[in-house]
Amino acid sequence: MGLKCRQTGSKCDELGWWALSQRSCAAFWSPNRVTFARMSDLTLMAVHAHPDDESASTGGILAKYARQGVRTIVVTCTNGEMGDATGGIKPADPGHNAAAVVEKRREELRAACEVLGVTHLEMLGYQDSGMMGWPQNDAPEAFWHTPVDEGAKRLAVLMEQYQPDVVVTYDEYGFYGHPDHIQANRITVAATDMTKIPKKLYYTTVPREALQQMFTMLKDLNIQEPGGEEFDPTDPPIGVPAEQVTTTVDVAEFVDAKRAALQAHASQTESSFFLQMPEDIFRFAFASESFTRERDVTGAPIPENDLFAGLR
Ligand SMILES: [Zn+2]
């Protein structure tokens with residue numbers, strides 16, 4: 001990744017291994033940093049659309065499995081050009097410089113991965129397509145416009161390289177309908193089918209009942225939901241009914257690491273709804289991460305509480 005140690009100036013290509021090799025690194029020992037020892041031959045790959053998605057939807061499992069010594073790979077498909085510029089400047093506003101946003105978001109992504117103990121970060125460098133319906137959806141370079149086969153082949157090369165046992169991405173609705181999240185799902189499914197390397201493939205999800213409960217808790221405290229409207233998890237369909245969740249991983253111990261990773265994406269999360277939630281509701285929302293198991297060769301019984309069930 002080309003990061004430099006803040007103390008020695010030496011180059012860091014594999015954050016985890018480098019830290020383990022005992023060369024001093026002030027960044028590694030930051031207070032919320034997940035530290036780990038490599039005690040496992042298992043590999044987890046999380047395929048995400050934009051810088052910050054890795055922390056928001058899989059920050060808990062990345063930190064938890066990194067701590068267990070699992071090799072953790074984050075693949076970020078787009079550069080996140082359509083995110084806010086520093087100071088909350090929106091893409092359509094004057095002063096939004098896409099190149100500067102990309103640079104900033106790369107820095108933030110690296111910092112968040114450091115906090116989570118992610119061992120390898122791969123950026124595919126596609127152009128952010130913006131939210132569904134935005135004119136940027138139709139840009140020829142947009143990720144949304146990339147043929148699935150092309151993106152899948154690039155991801156397949158990474159699967160060949162890292163041989164992930166478990167791969168995690170979004171569901172076919174991209175969790176909440178964002179075109180880049182949908183495309184991340186499509187290339188991940190295609191690359192999994194192409195390589196047949198991952199032994200298990202999961203989609204991130206949330207049980208709708210828990211989501212509803214969280215919004216009720218916020219409403220009781222008079223905290224406005226994003227958009228200020230009554231929350232309806234079925235429109236668009238977010239998450240799944242609880243009985244469809246196959247896998248729930250307890251990440252309560254890593255809630256602080258997840259929060260710190262989200263905070264590392266300051267240009268996107270300064271006014272984050274989640275980061276402004278009361279502490280107890282944040283913990284309620286993020287103490288576990290839920291998944292649906294979509295491919296499996298292990299035959300591990302479900303429900304599971306470990307993405308690597310059947311593999312250790
Ligand atoms: Zn995203």
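Two strands are taken to pair if DSSP finds at least two bridges between them. Strands (E, at least two residues) and helices (H or I, at least four) are themselves DSSP runs, numbered from the N terminus. On that basis, the structure contains an open sheet of seven strands with mixed pairing, in the order S5-S4-S3-S6-S7-S9-S8. Strand S5 (120–126) and S8 form its edges, each pairing on one side only. From one strand to the next, the twist averages 25°; here, axes are lines fitted to C-alpha atoms, for helices over the stretch in contact, and angles run from 0 to 180 degrees between N-to-C directions.

A word on the model itself is welcome at this point. It is a predicted model, in which local features need pLDDT of at least 70 and side-chain atom pairs count only at pLDDT 80 or more, while totals for chains, interfaces and linings use all residues. Residues are numbered from 1 along each chain as its sequence is written. The mean pLDDT (the predictor's confidence in each residue, from 0 to 100) of the protein chain is 86, and 84% of its residues reach 70 or more. Residues 1–29 have pLDDT below 50, and this stretch has 46 contacts in the model beyond near neighbours in sequence; a contact requires two C-beta atoms, placed from the backbone, to lie within 7 Å. Where pLDDT is low, the predicted coordinates should not be read in detail.

Both edges of the sheet can be followed residue by residue. At one edge, strand S4 (residues 71–78) runs parallel to S5 and is joined to it by five bridges, with Thr 76 standing opposite Met 123 in S5. At the other, S8 and S9 pair in the antiparallel sense over four bridges, and Thr 247 faces Phe 291 in S9. Side chains alternate along S8: Thr 247 and Val 249 point to one face and are buried, whereas Thr 248 and Asp 250 point to the other and are not. A residue counts as buried if 20 or more other C-beta atoms lie within 10 Å of its own, exposed if 12 or fewer, and partly exposed in between, with C-beta atoms placed from the backbone.

Helix H2 (residues 53–67) also engages helix H8 (residues 255–264), packing at an angle of about 135° with the axes 9 Å apart. That angle makes H2 oblique to H8, since angles under 35 degrees count as roughly parallel, over 145 as roughly antiparallel, 65 to 115 as roughly perpendicular and the rest as oblique. The contact is made by Ser 55, Ala 56, Gly 59, Gly 60 and Ala 63 of H2 together with Ala 257, Lys 258, Ala 261 and Leu 262 of H8.

Some backbone details deserve a look. Most residues other than glycine have a negative phi, and most peptide bonds are trans. Gln 163, in the loop between helix H4 (148–162) and strand S6 (166–169), has a positive phi of about 50°. This residue is partly exposed, with 15 other C-beta atoms within 10 Å. Phe 175, in helix H5 (residues 174–177), has a positive phi near 70° and counts as buried, with 25 C-beta neighbours inside 10 Å. The C-alpha atoms of Phe 175 and Pro 237 are separated by 8.0 Å, although the two are 62 residues apart along the chain. Finally, the peptide bond from Ile 302 to Pro 303 is cis, with omega near 5°; Pro 303 lies in the segment after strand S9 (288–296).
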